[in-house]
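Welcome, and please get your viewer ready. We will go from stop to stop, selecting a few residues each time.

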Amino acid sequence: MADELWRYEGGATPIAWFETDKAQFQFACRGGTLTMAFWVKSPDKAVVGASSISVAITPDAASGSRVSSGGGTSFAQDMPLVHLDGSSVIVRGPVARQWARIAQQARDSMRVAFVRTKGGGAFDQLDTHVFGARGSKTMIGKVLETCG
């Protein structure tokens with residue numbers, strides 16, 4: 001169970017993070033600005049070929065459910081992707097603060113996914129990962145104290 005906890009590192013760049021063997025989700029105070037990052041080690045081919053993509057977070061998503069525009073899902077639209085040892089997206093400012101609060105309020109888990117918009121409001125969900133919520137309120141709170 002210890003592996004399912006959010007972690008915190010202080011120092012010059014305070015960071016709260018949760019990592020699985022396939023992905024990492026983090027909130028950090030970089031240069032005085034709150035930053036959220038989602039990194040996937042071995043991303044889907046569609047993600048590898050993209051220069052930008054949207055990201056979705058759903059707190060306490062029902063098991064087996066899909067990303068949709070309802071159900072409490074929040075989106076960061078058309079974010080530039082970084083491709084280095086996997087693929088990652090970095091979000092700063094108001095969206096990062098909104099997502100930090102969403103992550104803090106999750107009871108059990110948070111689903112984070114790269115998504116592509118299809119016609120009619122549907123989405124292709126790519127590289128969906130579920131991160132535990134245990135400890136997120138406190139650890140993300142420590143970052144927000146410095147950078148909120």
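Start by selecting strand 2, residues 15-19 (strands are DSSP runs of E, at least two residues, and helices runs of H or I, at least four, numbered from the N terminus): this strand is mostly covered, with four of its five residues buried, where buried means under 20% relative accessible area, exposed over 50% and partly exposed in between, with a 1.4 Å probe and protein chains only. A word on the model: it is predicted, so local features need pLDDT of at least 70 and side-chain atom pairs pLDDT 80 or more, while totals for chains, interfaces and linings use all residues. Residues are numbered from 1 along each chain as its sequence is written, and side-chain values use heavy atoms, without hydrogens and water.

Now add the neighbours of strand 2. Strand 1 (residues 7-9) runs antiparallel to strand 2, joined by three bridges (strands pair if DSSP finds at least two bridges between them). Pick tyrosine 8 and you will find its bridge partner, alanine 16, in strand 2. In the five residues between these strands, glycine 11 takes a positive phi near 95°.

On the other side of the sequence, a hairpin of three residues leads from strand 2 to strand 3. Five bridges join this antiparallel pair, and glutamate 19 has glutamine 24 as its partner in strand 3.

Next, select cysteine 29 and cysteine 147: they form a disulfide, with sulfur atoms 2.4 Å apart (the cut-off is within 2.5 Å). Cysteine 29 lies in strand 3 and cysteine 147 in helix 3 (residues 136-147), so the pair ties together parts 118 residues apart in sequence. Both cysteines are buried.

Last stop: leucine 84, in the loop between strand 6 (74-83) and strand 7 (87-92). Leucine 84 is exposed, at 62% relative accessible area.
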